[in-house]
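Okay, folks, thanks for squeezing me in. I'll put the model up and then walk through what came out of the numbers.

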Amino acid sequence: LAVDISMITSQLGFTCAEMLYMGKNLHGFFESLEYFHSGSVPTVEAFIALQVFFSLPTSWVRRLEYFKWTNAIANITVLVALAM
């Protein structure tokens, strides 16, 4: 039981850190665009809420084979980016 609790808290910590990292980076990216110079940039919290909105339903999928096409597209995108 202690090992399971430790693994759950560890994964929860990694997930929270990744969402915070992505939220801050997205906020900084949109802040640097000329379109948002008027101050209408969404907050970091809004970007984190948007991530939760998309990642929570995908975490309920039990069979990973449903993601094979999206994973293939993501892998191809990474390979193209590395090749550039």
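**Three helices and one glutamine**

So, reading along the sequence, the pattern is α-α-α. That's 3 helices and 0 strands in the chain.

Keep in mind that this is a predicted model. On confidence, the mean pLDDT of the chain is 89, with 95% of residues at 70 or more. Helix α3, residues 68–83, has the highest confidence at a mean of 94, and helix α2, residues 44–59, has the lowest at 90.

Now the overall shape. What radius of gyration does the chain have, next to a compact globule of 84 residues? The chain comes in at 17 Å, where the globule would be near 12 Å. Along the principal axes, the C-alpha atoms fill a box of roughly 50 × 35 × 20 Å.

On to the surface. About 7,400 Å² is exposed, and carbon and sulfur atoms supply 71% of that. Just 10% of the 84 residues count as buried. For those of you thinking about electrostatics, there are 4 positive and 6 negative side chains, and the centres of the two sets sit 16 Å apart.

One residue I'd like to zoom in on is Gln51, which lies in helix α2. Is Gln51 buried or exposed? Its relative accessible area is 17%, and the cut-off for buried is under 20%, so Gln51 counts as buried. And what is Gln51 in contact with, leaving aside neighbours within four places in sequence? The partners are Met19, Met22, Gly23 and Leu26.

That's my bit, happy to rotate the view if anyone wants another look.

Conventions: Residues are numbered from 1 along each chain as its sequence is written. This is a predicted model: local features need pLDDT of at least 70, side-chain atom pairs count only at pLDDT 80 or more; totals for chains, interfaces and linings use all residues. Side-chain values use heavy atoms; hydrogens and water are left out. pLDDT is the predictor's confidence in each residue, from 0 to 100. Helices (H or I, at least four residues) and strands (E, at least two) are DSSP runs, numbered from the N terminus. Buried means under 20% relative accessible area, exposed over 50%, partly exposed in between (1.4 Å probe, protein chains only). Contact means heavy atoms within 4.5 Å. The radius of gyration is taken over C-alpha atoms; the globule rule is 2.2 Å times the number of residues to the power 0.38. Accessible areas come from the Shrake-Rupley method with a 1.4 Å probe; for residues, only the protein chains shown count as cover. Lys and Arg count as positive and Asp and Glu as negative; His and the chain ends are not counted. The place of a charge is taken as NZ of Lys, CZ of Arg, CG of Asp or CD of Glu.
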